[in-house]
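Q: Could you take me through one part of this protein in close-up, beginning with the chain as a whole and then settling on one residue and its surroundings?

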Amino acid sequence: MKARTATAVLLPALLSVTVGCGSTNTPASGKGPDPKGSASAPGQSGSVGSSGASAAAGASGSAGTGGAGETGTAAGAGGTAGPRRGAGRLERAALEQGDLTGYQISANGKNPNAPDGQPQADRKACQPLADIMGDKPDPAARETVNRGIGSQKEMGLAVSASVSSYAESDAKALIARLKDAVAACATGFTATVEKQTGTYREVKAAEYKTGGDESVSWTTTAAAEGVTAQVHLVVVRQGDTVMRLMALNVAGGRKTPQVPHEVADKQLQKVRAAR
């Protein structure tokens, strides 16, 4: 629990993944995770970071230990659920329970302990990497829909997934900034959100094959209060839509987690189909 709580300081976008073991919000019998998700309206601050993580915590707990998951409109056990009637493009593009065999997909509300806002980096060059961990992947995002994914195949693997809409020029600029930041911040940086500070060390570009118009992937080690956690991030642009995937092993250990390719591929497939 110390590791999970400390990591929450550093990963607001994965907060509930790290503290989900303390949740008592268990689903009703026969209920799966809430597949509806949440979206930030254009011009409003999104909650994809921490709420997507909350969903990942619930999904991971449900998959591995019968832990937290939000009740409500949900797929039945082993069932599927599509987006609500009249849902917008991003809702249709977001992953739903039943899309991926061997994974629980959820989108719970934001954990009340989650810090709000965008982490502020101590180095300007590293701000794009700090932003990607926050409530929104980038300040230019017009709208964001989030999901949390828990693996039933790899114990402890949780993925926070989001799809965001942009002006296409802004989406292209985001990928370019992230590539520059990964190269410039190899030695790491410090980030602060709500007066809580942590460090990201060993920022390394990672080979990760995926489709889309362009993409960037990297790993980093988050550290706070003497506790560390490995994180893998993948950001893909398809036209004016950006998908963000962050993987964390909530079970701990030294193994670097990886965003499963089947998750990235399915997410990209749905983004293309929703256009």
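A: Happy to. Of the 275 residues in the chain, 55% are buried. Please keep in mind that this is a predicted model. The secondary structure consists of seven helices and 10 strands. Contacts also link distant parts of the sequence: among those between residues at least 6 apart, 71% join residues at least 24 apart. On the outside, the chain exposes about 11000 Å², and carbon and sulfur atoms supply 47% of that area.

Now for the close-up, which centres on Lys 270. This lysine sits in helix α7, which covers residues 261-273. Its relative accessible area is 13%, so Lys 270 counts as buried, the cut-off being under 20%. What does the side chain of Lys 270 reach? One partner is the backbone oxygen of Ala 94, at 2.9 Å. Another is Asp 99, whose side chain is joined to that of Lys 270 by a polar contact of 2.8 Å.

The wider surroundings of Lys 270 come from a distant stretch of sequence. Leaving aside residues up to four places away in sequence, Lys 270 touches Arg 92, Ala 93, Ala 94, Leu 95, Glu 96 and Asp 99. Two of these names, Arg 92 and Ala 93, come back when you move on to Ala 274, which touches Arg 89, Arg 92 and Ala 93, with residues up to four places away again left out. Ala 274 is located in the segment after α7. With 4% relative accessibility, Ala 274 is buried, because that value is under 20%. Ala 94, the residue that offers its backbone oxygen to Lys 270, is 180 residues from Ala 274 in sequence, yet their C-alpha atoms are 9.1 Å apart in space.

For some context elsewhere in the chain, have a look at Ser 106. This serine belongs to strand β2, residues 103-106. Ser 106 has 0% relative accessibility and is therefore buried. Its C-alpha is 5.7 Å from that of Arg 147, although 41 residues separate the two in sequence.

Strand β7 is worth a stop too, as it is the place of Glu 202. Most residues other than glycine have a negative phi. Glu 202 is not a glycine, but has a positive phi of about 50°. Is Glu 202 buried or partly exposed? Its relative accessible area is 42%, so Glu 202 is partly exposed.

The same strand leads to the inside of the protein. The count comes to one cavity of 30 Å³ or more, and about 40 Å³ of space lies in the largest cavity. Its lining is made up of Leu 129, Met 133, Phe 189, Tyr 200, Val 203, Trp 218 and Thr 220. The elements that give two or more residues to this lining are β7 (196-205) and β8 (214-224). By type, the lining residues divide into six nonpolar, one polar and no charged.

To return to where the close-up began: Lys 270 is a buried residue of helix α7, its side chain in polar contact with that of Asp 99 and reaching the backbone oxygen of Ala 94.

Terms used:
Residues numbered from 1 in each chain as written. Predicted model: local features only at pLDDT ≥ 70, side-chain atom pairs only at ≥ 80, totals over all residues. Heavy atoms only, no water. 1 Å grid on protein atoms, 1.4 Å probe; cavity = no way out; pocket = protein on both sides within 12 Å on 5 of 7 lines; lining within 4 Å. Points joined across faces, edges and corners; volume = space filled by probe spheres on them. Helix = DSSP H or I, 4+ residues; strand = E, 2+ residues; numbered from the N terminus. Nonpolar A, V, L, I, M, F, W, Y, C, P; charged D, E, K, R; others polar. Buried < 20%, exposed > 50% of the residue type's maximum accessible area, 1.4 Å probe, protein only. Polar contact = N/O pair within 3.5 Å; in protein donor to acceptor, adjacent residues only side chain to side chain. Contact = heavy atoms within 4.5 Å. Areas by Shrake-Rupley, 256 points an atom, 1.4 Å probe, with all protein chains shown as cover.
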